[in-house]
Each structure stands twice: as C-alpha cells, then as structure tokens.
Amino acid sequence: MVVLLLMGFPMMMTMLLSTLFYMIMFMPGVEVFTSIQQMVLGVQTPVLMAIPMFMLAADIMCTGHTSKRLLDFVESLVGHLPGGMATTTAFTCAMFGSISGSTQATVVAVGRPVRKRLLDNGYSDSEVMALIINSSNLAYLIPPSLGMVVYGVASGASIGDLFIAGLGPAALILIMFSIYSACYAKIKNIPRIEKASTAQRWNATKQCLLAFGFPLIIMGGIYTGIFSPTEAAAVAVLYALIVEVFIYKSIKIRELYGIALSTGVITTVVFILVAVGAAFSWIISYARIPQMIAEGLIGSDPSLFTILLTVNLFFFIGCMFVEAVVVILVLTPIFAPIAAAAGIDLVHLGIIVTLQVAIGSGTPPFGTSIFTCSAIFDQPYLKVIKNEGPYIVMLLLACTLISAFPSISLYLGSLVQ
C-alpha cells in the first residue's frame with residue numbers, strides 16, 4: 001500500500017501529461033477538455049465503489065488478529081507435513097487473499113507473523129521472503145481481487161465470473177508450491193514440526209470460524225443473487241467491523257478513524273489512476289492503436305497462440321517496471337478487443353492478465369511487492385530477491401498451463417451457470 005502511494009502520483013502525472021501532449025500534438029480537432037470528460041466518466045462506473053470498501057474491510061482485518069488466526073488454523077492442519085511451514089504460508093496467503101484482494105496487503109499481514117516461525121524452523125531469510133512475496137501473488141487470483149475489479153471495468157468482463165474463475169488457477173499454484181516446499185525441505189533437511197492434536201486443531205478452527213465468513217459473503221452473496229459485487233463489498237465492511245470491534249475486540253472504536261483515513265488515501269491514489277487511465281485508454285482507442293498493434297506486431301491473421309504469448313509478455317514485463325493498476329488500465333484496452341475478435345473468452349484473458357501482473361509485481365527490477373517486503377522487514381533489495389527464481393519459474397509455468405488450457409479457469413464458472 002505504501003509503495004502504491006509513493007508510486008501512484010508520478011505514474012498519474014506521466015499518464016496525464018502524455019495524454020495531453022498527444023492530444024495537443026496529434027489531435028488538433030479534439031478539445032483538450034475531452035480528456036477531463038473521459039476521466040470523470042472513467043470513475044463513474046458503479047462497480048468501482050467495491051474497491052474502497054474491499055480495501056477498508058481488508059484494513060480492518062489487517063489491524064486485527066485475523067491473519068494470525070488463519071496462520072494458526074492452517075499450521076494445525078498441514079504444519080507437520082514435509083515442508084509444512086512453507087505450505088502453511090502459501091495457504092494462509094491464499095486465505096488472506098479472500099479478505100484483502102491485494103498482494104501488498106497480504107505481504108504485510110501474513111509476512112509479519114509467519115517470518116519468525118519460518119526462521120525458527122530452519123529456513124534462510126532470503127527463502128522466507130521469496131516465499132512470502134510469491135505466495136502473496138495468490139491474493140490477485142482469490143476473490144475479491146482488486147486486479148480483477150480493475151480489469152473488469154477496463155474490459156467489460158463480468159467481475160463475478162472473474163472471481164470464480166480465479167479459484168482453479170489458485171489451486172493449481174498452491175499444489176505446485178506445496179510440492180516444491182516438500183522437496184526443498186527434504187533437500188535442505190528442514191525439520192518437521194510436531195503434529196497438532198485433535199484438540200489443538202479444533203481450537204484453531206473455532207478461533208478462525210468467523211474469518212471464513214468473508215469468502216462466503218462475497219462468493220455466496222454474488223452467486224446466489226443476493227448481492228452485487230459492490231453490495232458484497234459493503235456487507236464485508238460491516239462484517240469486518242462486527243468481527244474485529246465487537247466480537248474479537250482487537251480494535252477499539254477510536255482506531256477506526258485512522259484505519260478509514262489510510263484506506264481513503266490509498267483509494268484516492270487508485271481512483272486518480274483509474275481516471276487518468278480512462279482518458280489514456282480513450283486516446284488509445286481514438287487513435288486506433290490496438291488495430292495498429294494487431295497489424296504490426298501480431299499480424300493480420302494472428303493465431304490464438306500468438307495473441308496469448310504477446311499478452312503474457314506485455315503484462316509480465318509491464319509489471320516488472322510499473323504498478324499493476326496502471327498496467328491493467330493501459331494494456332487491457334489494447335489487447336482485449338484483439339483477443340475478443342479472435343474468440344478468446346474475456347474472463348479467461350482476465351485470469352491470465354491478473355496472474356501476470358501479480359507475477360510482475362514480485363519480479364525484479366521494480367516489482368512493488370519486493371519493495372514492500374524490503375520495507376517491512378528492513379532487508380536489502382538483493383537479499384529479498386536472492387531466492388525468487390524457482391517461484392517465478394513455477395508461476396510462469398502455471399500461467400503457461402492456464403493459457404493453454406482455458407478449462408482451468410472456466411470450468412468452475414460453467415458449473416455455476
């Protein structure tokens with residue numbers, strides 16, 4: 001979140017000034033005030049209201065003890081297995097992603113309590129940070145992913161369908177990380193922790209039951225037709241307040257002002273980026289840049305393989321240098337029409353996009369999750385990225401499989417419909 005705040009305004013100014021420069025130099029017949037109209041229209045989409053409310057719910061739960069409760073619950077189930085603590089980290093990040101929807105928030109909330117446990121279990125600090133960063137990528141695939149909300153606004157794809165489509169790829173990545181964790185533990189002779197007793201598991205489950213309400217509210221409410229995504233976000237905020245303030249009593253009412261202020265600041269950055277991105281996207285469409293890219297880069301009759309390969313490369317490289325929200329807003333209007341014309345499902349494309357921007361956010365040189373991890377643990381950059389290689393390879397392999405086999409993303413959605 002801090003990284004987004006620091007990077008957001010320079011990115012906003014860059015996008016805005018480039019938009020105005022292009023209009024003045026190459027579109028003399030179009031009024032400059034048109035860009036302001038497009039910016040206003042860009043933030044008038046009702047579903048965008050889900051973003052600040054999901055973020056507020058996540059901030060409330062981050063301030064409370066939810067992440068520790070989730071960690072204790074998962075550890076009681078799988079901690080005793082080979083590589084169990086690393087597997088616990090990956091599953092906890094996925095579960096917290098169902099609350100936060102943000103990779104950076106997951107790095108902070110899960111990373112702090114899990115790091116000491118992993119170090120005590122025999123893992124090196126570089127391995128711990130690489131695991132935390134890349135496991136946090138799962139937050140972008142688990143509802144309520146903020147990346148999916150932004151992509152849905154930029155492409156017109158159903159956000160509810162995107163939410164459920166992310167579950168299959170998230171499960172695939174969890175399986176890959178679990179296998180790697182078990183192999184790593186055997187090679188490095190990482191000791192196994194004691195198996196939790198039935199009483200300990202039951203106690204951890206009881207402590208965590210209320211946290212399970214978040215995915216039930218979000219997914220259950222949307223797919224039973226009770227809530228829209230925006231309404232589900234509002235109910236999530238109310239639920240977070242009841243759980244943390246009145247039941248767990250981990251947050252005092254006077255602390256809510258500071259939490260809401262923090263959410264408001266970050267929301268301002270996100271909405272400014274969305275507004276400027278809308279104007280930038282309008283310029284791209286008006287200038288027929290998607291068509292020119294399709295003809296010049298992809299060809300007049302591109303194959304599905306060519307389109308998907310180009311999309312994967314552009315989004316992955318983009319997020320290595322720029323924050324995810326900006327990359328989605330800039331590149332989606334370029335590639336979504338090309339993909340749709342070729343018969344690629346926009347929901348399937350959205351899962352590829354959100355996974356690639358998540359991978360990019362944890363990839364050198366300028367992945368935002370790297371700087372978040374470096375800041376909260378006060379560790380040098382090179383130490384943070386030292387052991388990231390195997391995780392990036394696994395994530396890219398997962399993205400390759402998801403691109404090649406759309407059913408990984410779309411199967412669950414077909415069952416619900």
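**Exercise 1. Determine whether the length of helix α13 agrees with the span expected for its 19 residues.**

Solution. Helices here are DSSP runs of H or I with at least four residues, and strands are runs of E with at least two, numbered from the N terminus. The expected span of a helix is 1.5 Å times one less than its number of residues. For the 19 residues of α13, this gives 27 Å. The end C-alpha atoms of α13 are 25 Å apart, which agrees.

The model is predicted: local features need pLDDT of at least 70 and side-chain atom pairs count only at pLDDT 80 or more, whereas totals for chains, interfaces and linings use all residues. Residues are numbered from 1 along each chain as its sequence is written, and side-chain values use heavy atoms, with hydrogens and water left out.

**Exercise 2. Identify which residues of α13 are buried, what covers them, and which residue with a positive phi follows the helix.**

Solution. A residue is buried under 20% relative accessible area, exposed over 50% and partly exposed in between, with a 1.4 Å probe and protein chains only. In α13 the buried residues are Pro229, Thr230, Ala232, Ala233, Ala236, Val237, Tyr239, Ala240, Val243, Glu244 and Val245. Contact means heavy atoms within 4.5 Å. The cover over these buried residues includes α3, α4, α9 (159–165), α12 (213–223) and α14.

After α13 comes Lys249, whose phi is positive, near 55°. Lys249 is placed in the loop between α13 and α14 (256–286). Its relative accessibility is 65%, so Lys249 counts as exposed.

**Exercise 3. Carry out the length check for helix α4 (residues 66–78), then list its buried residues and their cover.**

Solution. The 13 residues of α4, at 1.5 Å a residue, should span 18 Å. The end C-alpha atoms of α4 lie 19 Å apart, which agrees. Buried in α4 are Thr66, Ser67, Arg69, Leu70, Leu71, Phe73, Val74, Ser76 and Val78. Their cover includes α3 (50–63), α5 (84–100), α6 (103–120), α11 (198–208) and α13 (229–247).

**Exercise 4. Describe the surroundings of Val114, a residue of helix α6.**

Solution. Val114 has 0% relative accessibility and therefore counts as buried. When neighbours within four places in sequence are left aside, Val114 is in contact with Leu71, Thr89 and Ile132. Leu71 is one of the buried residues of α4. Val114 and Ile132 are 18 residues apart in sequence, and their C-alpha atoms are 8.5 Å apart in space.

**Exercise 5. Place Ile142, His80 and Pro144 in their loops, and state what is recorded for each.**

Solution. Ile142 belongs to the loop between α7 (125–135) and α8 (146–155). With a relative accessible area of 10%, Ile142 is buried. Not counting residues up to four places away in sequence, Ile142 touches Ala94, Gly97, Ser98, Leu167 and Ala170. The C-alpha atoms of Ile142 and Met95 are separated by 8.1 Å, with their positions 47 residues apart along the chain.

Pro144 also lies in the loop between α7 and α8. The peptide bond from Pro143 to Pro144 is cis, and its omega is near 5°.

His80 is found in the loop between α4 and α5. Its relative accessible area of 13% makes His80 buried. With residues up to four places away in sequence not counted, His80 touches Arg192, Ile193, Glu194, Lys195 and Arg201.

**Exercise 6. Is Asn189 buried or exposed, and what is its phi?**

Solution. Asn189 sits in the loop between α10 (167–187) and α11. Its relative accessible area is 64%, so Asn189 is exposed. The phi of Asn189 is near 55°, a positive value in a residue other than glycine.

**Exercise 7. Characterise the protein chain as a whole by its helices and strands, its radius of gyration and its buried residues.**

Solution. The protein chain has 22 helices and zero strands. Its radius of gyration is 21 Å, close to the 22 Å of the globule rule for 417 residues, so the chain is as compact as a globular protein of that length. The radius is taken over C-alpha atoms, and the rule is 2.2 Å times the number of residues to the power 0.38. The C-alpha atoms fill a box of roughly 70 × 50 × 45 Å along the principal axes. Of the 417 residues, 57% count as buried. Among contacts with a separation of 6 or more, 79% come from residues 24 or more positions apart.
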